Amino acid sequence: MKRKSFDELTFADDGMFQKVIKDPDLSAELVERLLDVRVRQVEYPELEKAIEPYYTSKGVRLDVYLKDEDKTIDVELQSYPQKALGKRMRYYQSMVDCDCLMKGQPYTKLKESYILFICKFDPFYDETKSGYGLPRYTFRNICVENNSVNLDDKTLKIVYNSSAYKSVKDEKVRALLRFIQTNEPGEDDFSKRLSEFVAKVKENEKFRKEFADMNLHDFDIMTEAAEEKAIEAARNFYANGVSVSIIAKSLNMTVEQVKEIINESAPA
């Protein structure tokens, strides 16, 4: 995917979204609109908060992670589809719980937890690959045998599909989703404030440099991931009897590079 230039950034773009929602008032109002819960006092919004409970486990970087007295809220904005959204939300939930509960504390100390994903596309579709078309998908843990039985685990997962903003009945939610999808604030006061904040951020030379560094970091990560896949592919090909010369040609490597990979993976 082609990265946007700094001047092309909108509120819904990675980096800009995190920067704008760093403002506690804006983050609280966004959450209150989309979750219909009262945020009494934001303890801290930590942008891309890293949670890594164990050195052997996969850490996560949360877009916006905030707390108040009795709840934790993770807000993620997805501009393009990513695989395994449900499992991603499941893992984020587990990491937030690990961060919330200190060692030795009872489970009763766990706060209410909200995982909120805002997608600019319909993330759920049927066997024909047609989206279900809902503007909001709400998920709770229920008892299959009797839906009136409440597990009461105090967790809620909500996914918004901003591409379906026209079908939203609540005027304020519809206006916010419209702004996220189209970058047009219209007459909505909150959307106007978000748009004005974006314009203000674009005047910040420090953030311009941060965004450039962020792009370079993302490029490094993608490059490293591509290299790891190529190395794994070379090993798999060789293990299945493919010759070194064919592997090199297929993966755009030199014969020497392929031999080095194979030698490194060989048992001592």
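Visitor: Which of the 41 residues in the largest nonpolar core touch the most other members?
Guide: This is a predicted model, so local features need pLDDT of at least 70, side-chain atom pairs count only at pLDDT 80 or more, and totals for chains, interfaces and linings use all residues. Residues are numbered from 1 along each chain as its sequence is written, and side-chain values use heavy atoms, leaving out hydrogens and water. A nonpolar core is a set of buried Ala, Val, Leu, Ile, Met, Phe, Trp, Tyr and Cys residues joined through side-chain atoms within 4.5 Å. Here the ones touching the most other members are Phe-11, Leu-30, Leu-34, Val-75, Ile-118 and Leu-177.

Visitor: Which helix gives the largest share of this core?
Guide: Helices (H or I, at least four residues) and strands (E, at least two) are DSSP runs, numbered from the N terminus. The largest share is six residues, and they come from helix H2 (residues 24-35).

Visitor: Which residues does Leu-30 touch, not counting residues up to four places away in sequence?
Guide: Touching, or contact, means heavy atoms within 4.5 Å. With those sequence neighbours set aside, Leu-30 touches Phe-11, Ile-21, Val-75, Ile-118, Leu-176 and Phe-190.

Visitor: Is Ser-191 buried or exposed?
Guide: Ser-191 sits in helix H5 (residues 189-202). Beyond four places in sequence, Ser-191 touches Ala-175, Leu-176, Phe-179 and Pro-185. Buried means under 20% relative accessible area, exposed over 50%, and partly exposed in between (1.4 Å probe, protein chains only). Because its relative accessibility is 0%, Ser-191 counts as buried.

Visitor: Which side chain shares a polar contact of 3.0 Å with that of Asp-70?
Guide: Asp-70 lies in the loop between strand S2 (60-67) and strand S3 (71-78), and is partly exposed at 26% relative accessibility. A polar contact is a pair of N or O atoms within 3.5 Å; within protein, one must be able to donate a hydrogen and the other to accept it, and residues adjacent in sequence count only if both atoms are side-chain atoms. The 3.0 Å contact joins the side chain of Asp-70 to that of Lys-71.

Visitor: And which side chain makes a polar contact with the side chain of Ser-130?
Guide: Ser-130 belongs to the loop between strand S4 (112-119) and strand S5 (136-139). Setting aside neighbours within four places in sequence, Ser-130 is in contact with Phe-124 and Tyr-125. The polar contact of its side chain, at 3.1 Å, is with the side chain of Thr-128.
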